[in-house]
Amino acid sequence: MGGRKLFFGEKLTLIQSVLSSIPIYYLSLFKAPCRVIETIEKLMHDFLWEGEDLLGGEHLVAWDLVCRPKLQGGLGIGNVLARNKALPMKWLWRFPKKRYALWYKVIKNKYGLNPN
């Protein structure tokens, strides 16, 4: 980073605004393979803790605690697997509500409508 180390808060902001946002489109449309989810979380983990391993690689806080919402004592990064399960459900919820949207018409014409 050009000789300049980022502070912990700056790293956290970058993770929340960039690293967790980049895969959102893919995660909202497809079920990501476990390996992809692990890689994304490893990138976030390594970036957050980079240069912080003064105790020989041991971290004082477990990653699952870091990913918890702020109201539950975490840093609000979020779990990538949970996000990948929730985002496609949003499309199922929106489908009957957006009857005039182009994507609704395309799916209806291609697959038809089932009352279920």
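Reader: Which helix holds valine 36?

Author: Keep in mind that we're looking at a predicted model. To place valine 36, look for the helix whose residue range takes in that position. The range is residues 34-49, and the helix is H3.

Reader: Is valine 36 buried, partly exposed or exposed?

Author: Go by the relative accessible area, which is 31% for valine 36. Buried means under 20% and exposed means over 50%. Because 31% falls in between, valine 36 is partly exposed.

Reader: Which residues make the nonpolar surface patch?

Author: A residue needs over 30% relative accessible area to join a patch, and valine 36 has 31%. The patch covers about 490 Å². Its makers are Tyr25, Tyr26, Leu29, Phe30 and Val36.

Reader: Which helix gives the most to that nonpolar patch?

Author: Check the patch members against the helix ranges. Val36 sits in helix H3, but the top contributor spans residues 24-29 and gives 3 residues. That's helix H2.

Reader: How many salt bridges does the structure hold?

Author: Let's tick them off. Arginine 35 and glutamate 38 meet through their side chains, at 3.7 Å from N to O. Lysine 42 and aspartate 46 do so as well, at 2.5 Å. The total is 2.

Reader: What separates arginine 35 and glutamate 38 along helix H3?

Author: Count along the helix: these partners are 3 residues apart in H3. Because of that spacing, the separation between arginine 35 and glutamate 38 is about one helical turn.

Reader: And how many residues apart are lysine 42 and aspartate 46?

Author: This pair lies in helix H3 too, with about one turn of the helix between the partners. For its part, aspartate 46 is partly exposed, at 35% relative accessibility. Along the chain, lysine 42 and aspartate 46 are apart by 4 residues.

Reader: Are arginine 35 and glutamate 38 buried, partly exposed or exposed?

Author: The cut-off for exposed is over 50%. Arginine 35 has 61% relative accessibility, so it counts as exposed. Glutamate 38 has 46%, so it counts as partly exposed.

Reader: Where is leucine 12, and is it buried or exposed?

Author: Leucine 12 has its place in helix H1, which runs over residues 8-19. Its relative accessible area is 12%, and the cut-off for buried is under 20%. So leucine 12 is buried.

Reader: Which residues does leucine 12 touch, leaving out those up to four places away in sequence?

Author: One partner is 36 residues away along the chain: leucine 48, whose C-alpha atom is 6.5 Å from that of leucine 12. With residues up to four places away left out, the list is Leu48, Leu75 and Ile77.

Reader: Which helices each supply at least two residues of the lining of the largest pocket?

Author: Start with the lining itself, made of Trp91, Leu92, Phe95, Ile107, Tyr111 and Gly112. The space inside is about 160 Å³. Now match the lining to the ranges 80-94 and 102-111, and you get helices H5 and H6.

Reader: What pattern does the protein follow along the sequence?

Author: Take the elements by type: the protein has 6 helices and 0 strands. Read along the sequence, that gives α-α-α-α-α-α.

Reader: What share of the protein's residues is buried?

Author: Leucine 12 is one of the buried residues. The share is taken over the 116 residues in the protein, and it comes to 23%.

Technical notes: Residues are numbered from 1 along each chain as its sequence is written. This is a predicted model: local features need pLDDT of at least 70, side-chain atom pairs count only at pLDDT 80 or more; totals for chains, interfaces and linings use all residues. Side-chain values use heavy atoms; hydrogens and water are left out. Patches are made of residues with over 30% relative accessible area and no salt bridge: like charges are joined within 9 Å, nonpolar side chains (Val, Leu, Ile, Met, Phe, Trp, Tyr) within 5 Å. Accessible areas come from the Shrake-Rupley method with a 1.4 Å probe; for residues, only the protein chains shown count as cover. A salt bridge is a side-chain nitrogen of Lys or Arg within 4 Å of a carboxyl oxygen of Asp or Glu. Buried means under 20% relative accessible area, exposed over 50%, partly exposed in between (1.4 Å probe, protein chains only). On a 1 Å grid over the protein atoms alone, a cavity is a set of points where a 1.4 Å probe fits but cannot get out, and a pocket is an open set with protein on both sides within 12 Å along at least five of seven lines; lining residues have an atom within 4 Å of a point. Grid points are joined across faces, edges and corners, and a volume is the space filled by probe spheres set on the points. Contact means heavy atoms within 4.5 Å.
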